[in-house]
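Here's a quick report to read alongside the model. Have the viewer open as you go.

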Amino acid sequence: MSLNRRQLLAGGLGLGAAAGLSACSGLTSKAGSSAPSGGASAGGPVELTFVNWSGDEEKAAFDAVIASFQQANPGITIKTDTVPYASVQTNLDTRFQAGNPPDLFRVSYIDMGQYTSQDVLLDLSASLDANAFEPGLFSAVVANGKPYGAPHQIDTTAILYRKDAFEAAGITNIPTTLEEAWTWEQFTDASNKLAKVTKSGQSAFIYDWQSAGAYRWLTWLFEAGGALLTPDLKAAAIDSDAGRKTVDFTSGFFKNGWVAKNSSVKSTTYPDAAFQSGTVAMAFAGSFLVPTINSGVKQKFEYGAMPQPRDVAASTDLGGNAVVAPKSGKNTEAATKFLQYLVSEDAMRTYCQATNQLPTLKSLTASQLDFAIRPDLMAPFVLQAKTLTPEQVAQVTVPQFANLNLALQNELEKAFLGGRSAADTTAALAEAVQKAVQ
Amino acid sequence: MSQAAALAAGQDAVTPAGRSPRRRGRSLWEPSALLFVGPSVLLALAFLILPMLGTFFYSTQKVSPLTGDTTPLGLENFRTMLGDDTFVRALLNTALFTVITVPLSMALGLALAVLMNSVLPGRKIWRTVVYLPLVISGVSVGLIGTFLYNEVIGVVNKLLVALGASSGIPWQSNGAWAFISVVLVTLWIRVGFSMIIYLASLQAVPPDLYEAAALDGANGWQRFRNVTVPLVGPATFFLIIMNVIYSFQVFDTIFVLTNGGPGNSTEVLGTWAYKVAFGPTRDQGYGAAIGVVIFVLTLVFTIVQWRANRSRDEVA
């Protein structure tokens, strides 16, 4: 098993630009190297509150990392406060407004801009070594040239597929590398074949753009060579040929009956639930869902993983989270120490391996990880991570991204379920985006 | 005659032995009343009056979601509404939802109450069955709704297909059907409330009125129309007010069942206010302004109803 996994991963691992990898060993005494040791900050024992959302595997992994941190730092204890993802923002807002923010909390990369724009996060310039991280990913936590969070992990989307459905549909050209990834035409062909073999109530696939995941539609836009914002991030760039082509193609998922109509961008039908219940032949899903899906599917059917389709380019979405500390925190010294530990090589490896998430440290992206659950599925996710460019990361981490994500959700829904034309949709999107970034 | 009975009969209470008659004047102010009223007043102040005043204040401010800092905006938030398509849609949806659910739930409630007030076998069981949804939380009812109306794996569509329909109904992807699913679930919850109020009212109607009407030759419908309906008038007035307030403020069921979708087809003022204030954009000032609109609409409706009802009583 281990040998197979290593063989599989050997070709795949390595995130970010090739140039970034050439200097991957330059870890300094700052975070990203080894775990800091020694006691608590001056002034006796400290208890830190860490607000996060976690699945079962993530919670166990956080607990393990925290336990080893506490062992190395006897004066610091960390109390985790696990809240549902849906209410984490309200929870944090309330704590901030009450003047009592937690010492540490988890933030999605796409939400970083909201916090940095309000200048409430601790500047970690002196505590993190930028060179230790993949440059494209590190840029997700940087605002005004300074890092305001520890880039803890990323997750990317790839396709999980049912082997029995592929056999029934006669699909044999299953890609294993980005170069072999299906073109949009090949994807169309496969979806049509799958739509023919699915039963009533089943569909060819489900895409993971529901609710706050609306921004994952950008993967298709980036594949078509389009952009949401201009390079200076100050204006909309969506009303373009690539934009219209993407709206047209993705609206086709609904028109052609490839996806269930209740899996649109505003729906609460998520890909992991649909895949586990056996109603879809393919699911575009983040690697972080692999543990959940695997325990849900059990032995009901066999499934594999492959990269997302490509058009003029291959692409994926920037999923994943940083851990940050508020600058007004009472124990910033101890909190910084924990953040440094969290993104140290050992802690990051432990966390990523246990949760099927991908690391942000160059030293780890260049090495092999022993993922705990279905490691044989992880190669496509790792490959997809290579496709993220700093330009794309910049577009999804602007301070106004919450508004942009909402605009995507509202306008795409009108195209997908309301049948609005591609030209009208990109024009409406451009208007909403323009309004948000000004 | 006991003191309470004497008071009820409108006579002076007998002064208890050993008490000076002069103390009677002070009995209007009874310090122990504070113990009874105090907790309710405090709770109402903390959770009703202060938040309401806060909402009025925040509706004129721009609120920074993290620091809580406020910047005065005047009526800017209210002006924003005029250009906010989703707000307009939510307002229309709320009105439509109210116009459909209030009369329907009351008519069904009255019909059921009349049935339960008659010689229906197993009345107590039926009453409980109809009333039960009311005591379940709106969130649970919404969740039950999602099991029923999921267009792929829901019970209703499976049943329709099993009964021979070629395909299920697009409860989640078609706006009109999604709206109907919300109305159906709401009726399920509200009918029980109307029924129980009407039932109490019906039981206070003197049976001799029906006997007199029957002797005068009134048939069943005429007895219902000319005796029952006027005599349950106060209950109808109460129910209109309560149901309209409920319909204007509806939130939990829709939030869980459709989350305002597909598109904005089931968005109502309550869900839109919540999404604006606590969703990703976190515009708490604007959310509060929408809350104020809900308050004003409900208040205006209640005043109009109250005045109309009072004048009707005076005419009667």
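What follows covers one chain and then its interface with a partner.

## Chain B on its own

Keep in mind that this is a predicted model. The secondary structure of chain B adds up to 14 helices and two strands. There are 316 residues in chain B, and 35% of them count as buried.

How is the contact map spread along the sequence? Take the contacts in chain B between residues at least 6 apart in sequence: 64% of those link residues at least 24 apart. As for the surface, chain B exposes about 18000 Å², with 69% of that coming from carbon and sulfur atoms.

## Where chain B meets chain A

On the chain B side, 20 residues make contact, and they touch 21 residues of chain A. Putting the two together buries about 2000 Å², and carbon and sulfur atoms account for 50% of that area.

## Polar bits of the interface

Which side chains form the salt bridge between the chains? The count between chain B and chain A is one salt bridge, and the side chains involved are those of R282(B) and D93(A), at 2.3 Å from N to O. If you want a spot to zoom in on, that pair, R282(B) with D93(A), is one to pick.

There are also polar contacts to look through: 11 residue pairs across the interface of chain B and chain A qualify, with both residues at pLDDT 80 or more. Sort the chain B residues that touch chain A by type and you get seven nonpolar, 11 polar and two charged.

Notes:
Residues numbered from 1 in each chain as written. Chains lettered and ligands numbered in written order. Predicted model: local features only at pLDDT ≥ 70, side-chain atom pairs only at ≥ 80, totals over all residues. Heavy atoms only, no water. Helix = DSSP H or I, 4+ residues; strand = E, 2+ residues; numbered from the N terminus. Buried < 20%, exposed > 50% of the residue type's maximum accessible area, 1.4 Å probe, protein only. Contact = heavy atoms within 4.5 Å. Areas by Shrake-Rupley, 256 points an atom, 1.4 Å probe, with all protein chains shown as cover. Buried area = accessible area lost by both parts, 1.4 Å probe. Salt bridge = Lys/Arg side-chain N within 4 Å of Asp/Glu carboxyl O. Polar contact = N/O pair within 3.5 Å; in protein donor to acceptor, adjacent residues only side chain to side chain. Nonpolar A, V, L, I, M, F, W, Y, C, P; charged D, E, K, R; others polar.
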